[in-house]
Amino acid sequence: KDRDLADSIAEAALKKVEEKYNVELMANNTLLVYKDALSNFKILIIKLSSIGDVVLSTAAFKAIRQKFPEGYKISVLTGEESKDILLRCPYIDELLVCDLKGKDKGVKGIFKIAQQLRKKGFDKVVDLQNNRASHILAYLSLATDRYGYDNGKFSFLINHRIKDNLPPAEPVTHQFRVLKMLGIDLDNPALELWPSEKDNAYAEEFLSSEWISDRQKLIGINISASKRWTTKNLPLFNLVRLCEKLGERDMRVVITGTADDLKTAEDLISKAKNTKIINACGKTTINQLAALIKKCSCYICGDSAPLHVASAVGAPFIALFGPTDSRRHMPPARNFVLIKKELPCSPCYKSKCKKNDCMALITPDEIMEAVDRLIT
């Protein structure tokens, strides 16, 4: 009955609708909802294995970041031994570390890690490890979408999977077959590492203490793949002759390896004549090793993690393959020489062999020819 009051209420209501419920404002508010959802969109990458395999995954990390730019949170779950590689990786937001060989060993450890992953609320899991443990962790994370290979290793727990039955492919291409399911193509296979300024300074000081002449070329040699894979190593006699030949050319040799290789390093240094070998075995972290290899004019290595490091830092390298298949394990690179012997028994994937002909038949002269090709 109060027309003035009714009119004022109606005018106020109309004004409120015009201010708060117009099309432009509703569209902007809808976009804000989407942006908020994207800002909380979480992706987990699982790569638990050895240092070399994690280095080989850096191209995949970069590609995933390019597909999912800022606004998406990308986490990587890796093993204790490989964490230092990714400390400064610019393509991930969070580094999660587990120790499946130590404190997280066994079923109890798996469930403990899974509980931590569930709390993170991941939307997608990209399983680049593709073994039983990683498939279980992907499933127990409760992520809606889980990507990996259908390889029979509990892969039924992965709901987006492809058969691993294509022809052998080098490791980066093999990983990108999984990423293809996310709409990610292999445009750039290059690997990366991110040593700090302290790492670079350490390598510089280490070499300076060995009195290397500015005119001398530095040749790196990794003398051992691992304690398990003795079949990937050049015989000591061949290493000795190679170091002597490099010394005859006034090239300085720096040998790399772990603390487990110190005995082999001492034998090599005592037997090599007329050459002053620099022993870096057990004296570098993985990032210091990367900085050291980057300073080499050429790096000689079998199928092991330092070969992948050389590829990541762009150092020219000579890859020596014997018991393993170079088509499956060769890192991507431009400036390299691959040496392998085509034998009926190779690749055999045996960690021990009485003859070890596939490596013993690689001669120092062959390696010297490859050195000349790379440094001239």
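**Entry 1: helix α7**

I began with helix α7, residues 171-179, in this predicted model. Seven of the nine residues of α7 are buried, and I noted the helix as mostly covered. The buried residues of α7 are P171, V172, Q175, F176, R177, V178 and L179. I then looked up what covers them. The cover includes the helices α3 (51-55), α4 (58-67) and α13 (326-329). The strands β4 (124-127), β5 (145-150) and β6 (160-163) are also among the covering elements.

**Entry 2: helix α12**

I turned next to helix α12, residues 305-313, which is mostly covered, with eight of its nine residues buried. I listed the buried residues of α12 as P306, L307, H308, V309, A310, S311, A312 and V313. These buried residues pack against the helices α3, α11 and α13. They also pack against the strands β7, β10 and β11, the last of these being residues 317-321. Just after α12, I found G314 with a positive phi of about 80°.

**Entry 3: Y299 and A291**

I looked up Y299, which lies in strand β10. Is Y299 buried or exposed? Y299 has a relative accessible area of 0%, and a residue under 20% counts as buried, so Y299 is buried. Leaving out residues up to four places away in sequence, I recorded that Y299 touches G220, I221, N222, T256, I293, P306, A310, P316, F317 and I318. Two of these names, P306 and A310, I had already entered among the buried residues of α12. As a distance check, I took Y299 with D36: they are 263 residues apart along the chain, and their C-alpha atoms are separated by 48 Å.

I then took A291, in helix α11, residues 286-294. A291 counts as buried, at 3% relative accessibility. Apart from neighbours within four places in sequence, A291 is in contact with D199, N200 and A203. From A291 to S155 I noted 136 residues in sequence and 38 Å in space, C-alpha to C-alpha.

**Entry 4: the largest cavity**

I searched for enclosed space and found one cavity of 30 Å³ or more. The largest cavity has a volume of about 80 Å³. Its lining comprises 16 residues, and N222, K232, N233, L234 and G302 lie nearest its centre. Which strands each supply at least two residues of this lining? They are β7 (218-222) and β10 (298-302). I noted that β10 gives the most, with three residues. By class, the lining of the largest cavity has nine nonpolar, five polar and two charged residues. N222 had come up in the previous entry, where I listed it as touching Y299.

**Entry 5: the second largest pocket**

The second largest pocket has a volume of about 260 Å³. Of its 13 lining residues, I recorded A190, S311, P332, A333 and R334 as the closest to the centre. Of these, S311 is also one of the buried residues of α12. The lining divides into eight nonpolar residues, four polar and one charged.

**Entry 6: backbone angles**

I checked the backbone against the usual pattern: most residues other than glycine have a negative phi, and most peptide bonds are trans. L142 has a positive phi, near 65°, and is not a glycine. L142 is found in the loop between α6 (132-140) and β5. With a relative accessible area of 62%, L142 is exposed.

N356 also has a positive phi, about 55°, without being a glycine. N356 lies in the loop between β12 and α14. N356 is buried, with a relative accessible area of 12%.

P347 is placed in the loop between β12 (336-340) and α14 (357-360). I found a cis peptide bond joining S346 and P347, with omega about 0°.

**Entry 7: the whole chain**

I closed with the protein chain, which has 15 helices and twelve strands. Why do I describe the chain as more spread out than a compact globule? Its radius of gyration is 27 Å, well over the 21 Å that the globule rule gives for 376 residues, and therefore I describe it so. The C-alpha trace spans about 115 × 50 × 35 Å along its principal axes.

Of the 376 residues, 47% count as buried. The chain exposes about 19,700 Å², of which carbon and sulfur atoms supply 52%. I also noted that, among contacts between residues at least 6 apart in sequence, 62% join residues at least 24 apart.

Technical notes
Residues numbered from 1 in each chain as written. Predicted model: local features only at pLDDT ≥ 70, side-chain atom pairs only at ≥ 80, totals over all residues. Heavy atoms only, no water. 1 Å grid on protein atoms, 1.4 Å probe; cavity = no way out; pocket = protein on both sides within 12 Å on 5 of 7 lines; lining within 4 Å. Points joined across faces, edges and corners; volume = space filled by probe spheres on them. Helix = DSSP H or I, 4+ residues; strand = E, 2+ residues; numbered from the N terminus. Nonpolar A, V, L, I, M, F, W, Y, C, P; charged D, E, K, R; others polar. Rg over C-alpha atoms; globule rule 2.2 N^0.38 Å. Buried < 20%, exposed > 50% of the residue type's maximum accessible area, 1.4 Å probe, protein only. Contact = heavy atoms within 4.5 Å. Areas by Shrake-Rupley, 256 points an atom, 1.4 Å probe, with all protein chains shown as cover.
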